[in-house]
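Dear colleague,

I am passing on the structure that we talked about, and below it I have written out what was found in it. Please keep it open while you read.

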Amino acid sequence: MSHAGDSDSIRSCLKVKPIMLAAALGLLALSGPAGAADHERHADHDRDHDRQAKGDPAHGQQIFMRCSACHTLGQTGGKIGPVLNGVVGRKAGTVAGYAYSPAMKNSGLTWDTATLARFLQAPSKLVPGTKMFFPGLPSPQDQADVVAYLKQYRADGGKK
């Protein structure tokens, strides 16, 4: 029984294996920076999520200027809309003296952080029939910033 054919196939494998090894090393080299870039993208996303979760009340105050055409905060008396002092944690449609739409009164919502953000994104989508005529804040960061600004105020209008 001759093993001449076997030695030819071994030589053939030895030629292919270095090529495969080089290809594998090339893939590893390529995935290194991509992996690092991917890790950095995830880190950026996490930082953005943390910033959104906390919100920036100073930026929220600037954005609230749009809201102040209809709402007051930190002072007594309303404008077209209800006073927003102490809104975070309050049941929707419960400010005394304000004539809410039936949709808002019966919404069953409590203004926690997540619900306020959803409402700020698209008020009439969350509460169809609301009297609030506002197109919404599409940016999750802007929503978080406004909520952070609102959280600073107690029901009496004083800052926490």
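In helix 2, the residues Gly60, Ile63, Phe64 and Cys67 are buried, where helices are DSSP runs of H or I with at least four residues, numbered from the N terminus, and buried means under 20% relative accessible area, exposed over 50% and partly exposed in between, with a 1.4 Å probe and protein chains only. Seen down the axis of helix 2, these buried residues fall within an arc of 115° (taken from the directions from the helix axis to the C-beta atoms), so they line one face of the helix. As background, an α-helix has 3.6 residues a turn, so residues three or four places apart point the same way. The face turned away from the buried side of helix 2 carries the exposed residues Gln62 and Met65.

Before going further, please note that this is a predicted model, in which local features need pLDDT of at least 70 and side-chain atom pairs count only at pLDDT 80 or more, while totals for chains, interfaces and linings use all residues. Residues are numbered from 1 along each chain as its sequence is written, and side-chain values use heavy atoms, with hydrogens and water left out.

What do the buried residues of helix 2 pack against? They pack against helix 6, and the aromatic rings give a further view of these two helices. The structure holds 4 aromatic pairs (rings of Phe, Tyr and Trp, the last by its six-membered ring, with centres within 6.5 Å; planes under 30 degrees apart count as stacked, over 60 as edge-to-face and the rest as tilted). One of them joins Phe64 and Tyr149, whose ring centres are 5.4 Å apart with the planes at 55°, so the pair is tilted. Because Phe64 lies in helix 2 (residues 57-67) and Tyr149 in helix 6, this pair ties together parts that are 85 residues apart in sequence. Phe64 is buried, with a relative accessible area of 5%, and Tyr149 is buried too, at 6%. Together with Tyr153, Phe64 and Tyr149 form one aromatic cluster.

Helix 6 (residues 140-150) also holds Gln143, which counts as buried at 6% relative accessibility. Leaving aside neighbours within four places in sequence, Gln143 is in contact (heavy atoms within 4.5 Å) with Ala117, Leu120, Gln121, Leu137 and Pro138.

With best wishes
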